[in-house]
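User: Could you take me through this structure? I would like to go over the chains, their packing and any unusual backbone geometry.

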Amino acid sequence: MRTSRALRPLAESLATVALGLVAGAVLIWAFGHPPGAAYRALVLGAFGTWEDLLETLAFATPLMLTALTFAVGVRGGLFNIGAEGQMYLGAVGATFVAGMVPMPAWVHLAAATLAGMAAGAVWALIPAALKAWRGAHEVISTIMCNWIALHLSMYLAINLLAEPGRAERTVPALPTARYPVLSEDSTLTAVVFVAVGFALLVYAYLWGTRAGYELRLAGENPDAARYAGVRPQRVVVLTFVIGGLAAGLAGASQVIGRPPAWSLYATLGNVTTLGFDGIGVALVGRNHPIGGILGAVLFGALAQGGRLMEYEVGVLSELVRALNGIIVFAMAVPELWSLIRRRFLRP
Amino acid sequence: MRSRMGLAVALVVAVALAGLAAPTTAAPRAFKIAVVSDVGGRGDLSFNDMAFKGGEDAERDFGVRMVELVSKVEADYVPNLTRAARDPDVQLIVGVGFLLSDALAQVARRFPNKNFVGIDTFAQSLVKEKFASQYPLPNLMDIVYEEHKGSALVGALGALLAAHYAKPHIGGVFGIEIPVLWKFEVGYKWGARWATEWLAKNRPDKAFTYRKDFVLWTYTGTFSDIPKGYAAAKAMYAKNAVAVYNIAGPLGLGINQAVQEIARSQKLRMGPPFWIGVDANQDWINPGFVIASMMKRVDRGVYYATRWVRDGQFRDLVRRTQGVVTLGVGTRIAGQVAEGISVSTLDDLDEFIRMGVQAERLTGKKVLPATPTEIKSKVKTMREAQPKWVWDAVAELERKIREGQVTVPLAVTRPDIQRWRGELGYGPVPLPAAAYRAPAR
């Protein structure tokens with residue numbers, strides 16, 4: 001009984017992947033490419049060789065974290081779309097400590113990681129406070145915070161963290177603050193373990209502790225939670241802080257955990273959209289930390305495998321992106337449906 | 001009998017040899033080149049489109065095949081270069097734009113049998129910095145350009161126009177102050193001063209003395225904030241500058257906006273005021289108001305690199321140049337003319353209009369401001385409206401640079417730039433405060 005309940009979302013997700021792939025095949029065929037060969041290239045490009053697999057995971061790493069931000073929000077009853085901005089600040093925080101504050105090895109790495117996470121969490125406190133004490137809707141406040149974070153981060157990157165002579169990016173992380181590269185054949189670093197570890201930690205927290213239970217209860221049924229003595233402000237702040245930590249880590253991972261630049265671009269080009277992409281990943285992963293990891297691997301596979309599909313079969317990069325969208329859309333349907341049902345169709 | 005035996009042996013040997021030789025002669029390996037764009041991608045009408053055009057020219061002339069890899073995010077650079085390098089048929093991988101420098105340095109080390117080229121990159125200097133023992137990598141070439149010479153040519157053009165229209169200034173809108181831009185700045189000012197000397201000799205009726213405030217210049221501190229380009233240019237045109245040189249990429253659109261405003265209020269169909277394009281031929285953006293462009297021929301870089309690989313000269317060239325090849329005015333590489341800097345001409349315009357048409361097809365957005373024939377005729381009319389001696393003088397400077405009769409100063413270090421600013425003009429024009437206010441959309 002228990003296992004079948006746990007497997008049902010997985011089965012639903014797999015069914016919708018299949019649906020999305022069929023719709024994508026029609027699109028590929030409509031543009032005059034053979035769908036079979038295209039999908040073969042997609043799979044081979046993502047998982048065909050050791051280096052491809054590692055690169056897929058490199059693309060998946062930040063997404064499993066930004067997906068976590070959104071997923072924890074939903075579990076706590078919040079529609080937190082602020083991962084993007086929190087991630088920017090996380091990248092800035094990590095860049096500052098990693099690039100400008102020399103420390104001994106390992107300590108430096110840990111400090112830079114924590115600085116990124118802390119910066120993300122602090123930024124998340126703004127919408128959290130607005131929600132908890134002023135009742136401001138988090139969709140509005142997180143969108144606004146995203147914009148403020150964008151310009152603030154660009155300002156800091158250009159004026160505080162700039163490297164003289166390299167206008168396009170900030171100072172690079174010092175070698176003591178870089179995650180070890182797992183294989184010269186890809187851009188994957190050990191930061192992937194930190195990301196997975198953090199996702200598992202959040203899973204254990206939400207499903208294994210009293211505070212986690214309260215958070216989920218407040219999300220499922222706010223009235224019952226209040227009746228049971230759960231303080232809603234506390235839940236809101238906790239939800240945002242966990243999300244901010246995850247998003248901050250995602251931003252940090254692209255600076256201190258991704259060669260070859262080891263720095264933040266002045267345009268924020270190496271982190272932009274990772275936060276928004278996380279929303280789709282979370283929907284695919286059914287707002288579950290572990291589902292988010294799987295969803296992120298799928299997104300990473302589309303990013304990395306799409307490369308070979310374009311290279312070998314000639315499927316245009318725009319079409320590759322459309323395909324990503326179709327699959328994501330199809331996969332988001334069950335979750336979207338249950339979200340709508342929970343929110344609006346509840347008797 | 002004996003001879004017949006000998007004949008048979010000879011036949012067998014011949015067949016065996018033919019058999020051995022057959023795989024190489026009958027089925028030559030396909031020669032592919034791969035062009036990896038930066039995040040600007042297809043349709044940028046500048047670096048990336050020019051690189052792809054260079055690849056197309058190479059396809060036409062050398063019978064190679066080009067594969068295009070468009071980078072969507074910065075994280076694509078390494079995987080895209082890697083993907084191309086793993087194709088056994090690809091012999092040359094081109095990374096377009098300085099953003100790919102780090103990625104090229106990394107990937108080129110891992111594929112020693114493949115040839116890598118970066119356009120406008122500094123990958124070898126990164127190799128020197130990070131992996132000193134491997135420097136210079138034998139399979140990696142940075143292709144860079146003599147922007148100082150091209151800037152001198154358009155600086156001269158601006159000063160000559162100032163003389164013709166009796167205007168007191170020319171201007172330059174720069175991006176972030178990085179050493180690369182000093183090359184443009186000093187070249188531009190030097191060219192303007194050269195023109196005043198030319199005028200004194202050849203057109204005394206139009207001559208004026210070079211003043212240190214003749215060239216107005218502003219470092220906006222950005223390569224993306226278009227309103228700052230607008231604000232900086234507007235201040236220059238308010239001081240009656242005849243032309244403003246765009247040395248800040250997309251900020252040219254801001255300069256164009258400032259020109260357009262004047263054109264509209266005074267109902268002008270043609271400059272002055274003008275502006276001067278950069279990198280690509282930008283004359284089509286606002287036909288009649290872009291007097292010319294300082295072109296960095298990215299396409300030539302891709303084209304030459306393909307030829308060097310095809311002719312087996314590539315690695316030798318890398319060895320002799322420490323991996324940095326400079327294309328410019330009158331440059332010769334491996335005994336052949338290989339130029340990469342020029343002032344735009346009417347003929348170049350066709351190529352770029354074609355590029356615009358292609359970009360419209362690819363992106364589905366309106367790119368060209370008018371039909372190709374209208375653009376061409378407007379640019380032609382504008383060029384013909386300028387006195388012939390202006391164009392002749394620019395051509396003369398180009399010839400003198402090419403023949404080595406004059407040397408355009410190259411400023412790359414801080415002492416260089418300070419010395420030349422002392423000689424050619426020191427005080428920059430501060431960016432007007434309005435530039436810091438939110439742009440009206």
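**Chain packing and backbone geometry**

Analyst: Of the 441 residues of chain B, 53% count as buried. Please note that this is a predicted model.

User: How many helices and strands are there in chain B?

Analyst: Chain B contains 15 helices and 14 strands. Its C-alpha atoms fill a box of roughly 100 × 50 × 45 Å along the principal axes. Among contacts in chain B between residues at least 6 apart in sequence, 71% link residues at least 24 apart.

User: What are the confidence scores of the model?

Analyst: The model has an ipTM of 0.89 and a pTM of 0.86. For chain B the average pLDDT is 87, and 91% of the residues score at least 70. Over residues 11-27 of chain B, however, the pLDDT is below 50, and this stretch has zero contacts in the model beyond near neighbours in sequence. The pLDDT also stays under 50 over residues 437-441 of chain B, where the model has one contact beyond four places in sequence. Where pLDDT is low, the predicted coordinates should not be read in detail.

User: Into which domains is chain B divided?

Analyst: There is a domain 1, covering 32-145 + 299-337, and a domain 2, covering 147-295 + 342-436. Taken over C-alpha atoms, the centres of these two domains of chain B are separated by 29 Å.

User: And how many residues of each are in contact with the other?

Analyst: In chain B, 12 residues of domain 1 contact 14 residues of domain 2. On the domain 1 side, helix H2 (residues 47-62) of chain B supplies the largest share, four residues. The residues on that side comprise five nonpolar, four polar and three charged.

User: Turning to the two chains, which elements of chain B touch chain A?

Analyst: The contact involves 21 residues of chain B and 20 residues of chain A. Strand E2 (65-69), helix H3 (77-86) and helix H4 (101-110) of chain B are the elements that each give two or more residues to the chain B side. By class, that side has 13 nonpolar, three polar and five charged residues.

User: Is H4(B) largely enclosed or not, and why?

Analyst: H4(B) is largely enclosed by the rest of the structure, because eight of its 10 residues are buried. Among them are B:Leu104, B:Gln106 and B:Val107. The buried residues of H4(B) pack against H3, strand E3 (90-96), strand E4 (115-119), helix H5 (123-130) and strand E5 (140-145) of chain B.

User: What about B:Val186: buried or exposed?

Analyst: B:Val186, which is in helix H7 (residues 179-202) of chain B, is buried, because 26 other C-beta atoms lie within 10 Å and the cut-off for a buried residue is 20 or more. Leaving aside residues up to four places away in sequence, B:Val186 touches B:His148, B:Pro409, B:Ala411, B:Ile417, B:Trp420 and B:Leu424. B:Val186 and B:Trp420 are 234 residues apart in sequence, with their C-alpha atoms 6.7 Å apart in space.

User: On to chain A. At what angle do the axes of helices H2 and H3 of chain A cross?

Analyst: The axes of helix H2 (residues 35-47) and helix H3 (residues 50-75) of chain A cross at roughly 85 degrees and come within 5 Å. The crossing angle therefore makes H2(A) roughly perpendicular to H3(A). In this contact A:Gly45, A:Ala46 and A:Phe47 of H2(A) meet A:Asp52, A:Leu53 and A:Thr56 of H3(A). By class, the contact has three nonpolar, two polar and one charged residues.

User: What else does A:Gly45 touch?

Analyst: Beyond residues up to four places away in sequence, the residues that A:Gly45 touches include A:Gln304, A:Arg307 and A:Met309. A:Gly45 is buried, with 26 other C-beta atoms within 10 Å.

User: Lastly, where are the cis peptide bonds you would point out?

Analyst: One runs from A:Pro259 to A:Pro260, with omega near 5 degrees. A:Pro260 is in the loop between helix H10 (232-256) and helix H11 (274-284) of chain A. Another joins B:Tyr135 and B:Pro136, with omega about -15 degrees, and B:Pro136 is in the loop between H5 and E5 of chain B.

User: And which residue has a positive phi although it is not a glycine?

Analyst: A:Asn287 is one of these, with a phi of about 50 degrees, and it is buried. B:Asn240 also has a positive phi, of about 75 degrees, and is partly exposed, with 15 other C-beta atoms within 10 Å. B:Asn240 lies in the loop between helix H8 (226-238) and strand E8 (241-247) of chain B. Most residues other than glycine have a negative phi, and most peptide bonds are trans.

How values were computed. Residues are numbered from 1 along each chain as its sequence is written. Chains are lettered from A and ligands numbered from 1 in the order in which they are written. This is a predicted model: local features need pLDDT of at least 70, side-chain atom pairs count only at pLDDT 80 or more; totals for chains, interfaces and linings use all residues. A residue is buried if 20 or more other C-beta atoms lie within 10 Å of its own, exposed if 12 or fewer, and partly exposed in between; C-beta atoms are placed from the backbone. Two residues are in contact if their C-beta atoms, placed from the backbone, lie within 7 Å. Ala, Val, Leu, Ile, Met, Phe, Trp, Tyr, Cys and Pro count as nonpolar, Asp, Glu, Lys and Arg as charged, and the others, Gly among them, as polar. pLDDT is the predictor's confidence in each residue, from 0 to 100. Axes are lines fitted to C-alpha atoms, for helices over the stretch in contact, and angles run from 0 to 180 degrees between N-to-C directions. Angles under 35 degrees count as roughly parallel, over 145 as roughly antiparallel, 65 to 115 as roughly perpendicular and the rest as oblique. Domain bounds come from an automatic or database domain assignment.
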